[in-house]
Amino acid sequence: MIHRHPFSRRALLGGAAGALALPALRPALAQNSGPIRVGVLHSLSGTMAISETALRDTVLMMVEDQNRKGGILGRKLEAVVVDPASNWPLFAEKARELLQVHKVDVTFGCWTSVSRKSVLPVFEELNGLLFYPVQYEGEEQSRNVFYTGAAPNQQAIPAVDYLMSDDGGSARRIALLGTDYVYPRTTNRILRAFLNSKGIADADILEEYTPFGHSDWQGIVSRVKTFASQGKKTAIVSTINGDANVPFYRELGNQGIKAEDIPSVAFSVGEEELAGIDTKPLVGHLAAWNYFMSVEGPANAEFKQMWASYIKNPKRVTNDPMEATYTGFRMWAQAVTQARTTAVDAVRTAMYGQKVAAPSGYTEQMWENHHLSKPVMIGEIQEDGQFSIVHKTADAIRAENWSPFIPENANRAKAG
Amino acid sequence: MRVLCLVMALFLLLAAPLRAQDRFETLAAGLSGGFGAQVETVERLGALGDARALPLLQALGEGRLQKRADGTLLLEQDGTVVEAVAGTPAAPGETVRINNRVRAALRGALGRLQLVAPQEGARLQAADGLFRSRSADNIPLLEQALAREAAPLVRARMELALAASRLVAADEAARRQGIEILSGSGSAEARSLLLEARAANPALAAPIDAAIAAIDARLQIRQAAETVFQGLSLGSILLLAALGLAITFGVMGIINMAHGEMVMLGAYTTVMVQEGFRGVPWLAPWSLPVSVPAAFLVTAAVGVALERGLIRHLYGRPLETLLMTFGVGMILQQAVRLLFGAQNREVVSPAWMQGTLALPGDITVTQNRLWIILFALVVLGLAVAAIRFTRFGLEMRAVVQNRRIAATMGIRTGRVDAMTFAFGSGIAGMAGVALSQVDNVSPNLGTGYIIDSFMVVVFGGVGSLAGTMIGAFTLGIVNKLLEPWAGAVLAKIAVLVGIMLFIQRRPKGLFALKGRAAEQ
């Protein structure tokens with residue numbers, strides 16, 4: 001057991017916190033007795049509930065599993081669940097509540113980038129530890145956050161590369177369709193620079209944004225059809241988020257856009273999202289992730305078995321962010337065991353270099369940039385709502401969270 | 001000599017199928033290989049023209065082709081599995097996976113094999129497949145098929161496919177012929193093919209440019225017509241969503257924030273009916289028509305409970321009504337979330353609502369949208385008729401115009417209030433049935449429509465159903481006209497700003513009520 005004086009660590013951090021803030025700082029300090037507290041910061045109501053509820057269940061499943069194995073460091077785990085209700089400012093309040101009132105040792109949470117941006121200052125101020133399990137646009141690296149989802153070079157760029165390959169249909173015109181917020185706009189900015197570097201002119205790129213929950217896709221889908229009638233093979237890259245995907249795919253099907261003619265690849269559509277769609281007209285459309293439920297291998301078999309026996313509903317599927325939560329949790333447990341404490345600074349150091357045989361079938365490693373190395377997989381939508389994997393990388397790829405395709409990052413790379 | 005020739009010809013005739021069988025069997029094995037091998041095999045099977053390849057290729061496209069560990073191909077048909085080549089029963093194996101490249105190759109190969117199929121639908125599909133996978137090798141095949149073809153629709157498609165194939169022929173005269181036929185088609189695909197050909201044939205640039213100009217002229221008319229249709233479609237959805245509110249808010253003056261949840265309940269009723277009918281095959285296609293009255297009854301019942309239980313105590317207090325109905329809306333949302341889960345529920349579209357319908361002039365409209373436009377007009381007609389021509393409608397109008405005098409005439413005003421609110425709620429429920437076909441069935445379904453609904457009712461003129469209709473269609477079409485150059489986000493903002501300015505000028509909306517009713 002390592003006992004440290006609370007404030008010496010504070011001083012080490014060099015935080016310029018005034019006396020007023022001092023009482024607020026205490027909760028972030030690790031306690032080395034009693035149960036280890038695991039915060040769960042996922043929306044259980046509002047528009048994001050559809051996606052985030054499954055992640056709450058995943059964390060609870062992992063806590064239960066770890067306790068069955070005797071906990072960590074001989075201490076039991078205790079989950080603290082709060083509901084930020086898809087309300088971005090409320091995320092920050094709930095994060096503060098977790099850290100200060102419930103004194104959690106680690107938090108698993110957030111889905112949208114805007115919610116992550118909202119809690120970031122709280123975790124940095126109180127020196128908390130957040131595991132963020134969703135693919136995102138990059139351009140961020142906080143010492144208080146471990147990103148277990150994909151950065152753009154682990155999802156978006158390989159997916160577009162695939163569309164341009166022979167197997168993917170040699171696309172030379174790309175329609176970038178997205179929901180109007182930070183993730184699609186940043187991703188498309190990176191993709192546009194990438195496409196330009198591959199010799200695709202701006203005239204061959206169509207960029208369209210729609211509001212959250214957009215349901216009338218007639219105009220945009222017909223515009224894509226017109227865009228595709230220019231004598232070059234065309235493909236759609238979709239950063240459409242949330243349940244707007246359902247009417248989008250329905251319109252694609254109704255307007256008779258077949259995957260053989262205009263394939264689409266999505267970055268936010270997984271098994272969970274397909275559960276609400278009749279997938280027959282969509283067979284052949286693609287999604288890029290770092291994990292699919294249909295991956296074969298012992299690690300995924302164990303993960304699926306664990307999920308099935310926890311959730312007790314044969315219809316519930318596993319998906320990429322759940323896998324990222326699972327992998328992140330395993331890594332955190334290993335790091336705590338190695339550090340022999342739940343103290344944030346010690347766990348952070350222990351996290352670097354942790355390896356987990358992930359359900360994706362690859363050994364994923366946490367690097368000093370707080371991001372995981374991950375394999376990239378392209379899956380085709382099947383009639384049963386699952387994905388058939390048509391392409392995957394040979395190895396797990398390291399994350400470039402600062403994309404080289406954003407000019408401002410050139411200086412950052414020099415600065416180190 | 002002649003005898004010898006005959007014998008040799010006979011021998012050749014006998015030998016040819018033998019060799020073909022040999023090749024078919026060796027070739028077919030390639031279908032279980034990697035994607036590259038599959039593409040090659042499919043193309044060669046298509047070129048071979050052996051009819052036995054047809055079931056194999058169809059099965060491959062439909063995910064019914066399986067393979068054993070040793071590579072033997074198996075064919076699954078209606079739950080039973082047989083060995084693909086030998087035809088003997090076998091145990092199920094692993095499904096053979098394909099990708100889009102294989103699918104595209106399949107379309108061409110199936111096109112070649114099915115060009116003279118007995119069913120018209122299959123020939124039509126074959127012609128389309130050959131149009132997309134054009135190749136000079138297909139020219140003789142298409143010419144033969146055209147000579148035998150009688151159905152005009154299939155002939156037209158075959159001619160297009162032939163023109164597309166001629167476009168890549170070695171002979172320049174054939175290419176010119178192809179350009180000419182494609183220029184008359186007016187389709188976006190033909191335009192794309194011509195543009196591709198232009199890059200390959202600099203010598204033919206002039207006729208190709210003329211053909212593209214001809215196609216563009218037709219495409220423009222077509223696109224204008226389609227934009228209007230899209231506007232009507234969006235308008236019909238706005239109309240459906242707003243119609244119930246036009247009665248509860250427009251006629252009764254209740255600020256009903258739970259209106260969206262009534263729409264949502266209607267959509268969930270559709271899900272329930274569909275799930276109830278799933279087990280009974282002959283009932284299943286009727287689930288959507290049956291859902292319409294079911295949704296009306298369910299939401300009307302909820303409406304009666306809401307009006308009798310809560311709203312009637314708050315008449316004349318709009319702020320309290322607003323807050324209370326807002327709360328009821330949230331309770332309903334959360335209740336549905338608890339009962340059905342946070343996930344979206346899948347509503348299957350019946351076959352007659354899927355795909356597109358081709359109107360004269362190559363204008364294509366999506367079936368589901370067309371049905372919804374018709375449905376919205378029918379619901380509007382029924383609502384107007386109920387208010388105009390029934391005893392209930394008469395009593396309702398009487399109560400709205402002068403509650404006291406209506407009461408002295410013996411009308412039970414409380415009962416009329418409840419029924420009017422139920423009527424409005426029921427219409428919202430029917431809107432939910434239609435919306436389940438175009439939007440997500442989730443507990444949040446209603447929240448997306450409540451603002452649009454109020455917008456339409458206020459814009460059209462409170463209390464006027466005709467105003468609601470005109471308002472809805474105007475907003476729909478304006479939105480769709482703005483969308484191409486402003487983008488979906490800006491178009492929506494522009495429409496909202498437009499309405500704000502309009503309401504400044506005409507606070508009572510498009511169709512302001514005149515006379516005594518207006519002073520209420």
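**Chain B and its contact with chain A**

Me: How many helices and strands does chain B have?
Reply: This is a predicted model, where local features need pLDDT of at least 70, side-chain atom pairs count only at pLDDT 80 or more, and totals for chains, interfaces and linings use all residues. Residues are numbered from 1 along each chain as its sequence is written, while chains are lettered from A and ligands numbered from 1 in the order in which they are written. Helices (H or I, at least four residues) and strands (E, at least two) are DSSP runs, numbered from the N terminus. For chain B the result is 19 helices and 6 strands.

Me: Is chain B more spread out than a compact globule, or not, and what is its radius of gyration?
Reply: The radius is taken over C-alpha atoms, and the globule rule is 2.2 Å times the number of residues to the power 0.38. For 520 residues the rule gives 24 Å. Chain B is well over that, so it is more spread out than a compact globule, with a radius of gyration of 31 Å.

Me: Which helix of chain B gives the largest share of the side that touches chain A?
Reply: Two residues are in contact if their C-beta atoms, placed from the backbone, lie within 7 Å. The contact takes 45 residues from chain B and 44 residues from chain A. Helices supplying at least two residues each include helix 4 (100-114) and helix 10 (205-251) of chain B. The largest share, 7 residues, comes from helix 19.

Me: How many residues of helix 8 of chain A are buried?
Reply: A residue is buried if 20 or more other C-beta atoms lie within 10 Å of its own, with C-beta atoms placed from the backbone. Helix 8 of chain A spans residues 218-227 and is mostly covered. A:Ile220 and A:Phe227 are among its buried residues. The count is 8 of 10.

How values were computed: A residue is buried if 20 or more other C-beta atoms lie within 10 Å of its own, exposed if 12 or fewer, and partly exposed in between; C-beta atoms are placed from the backbone.
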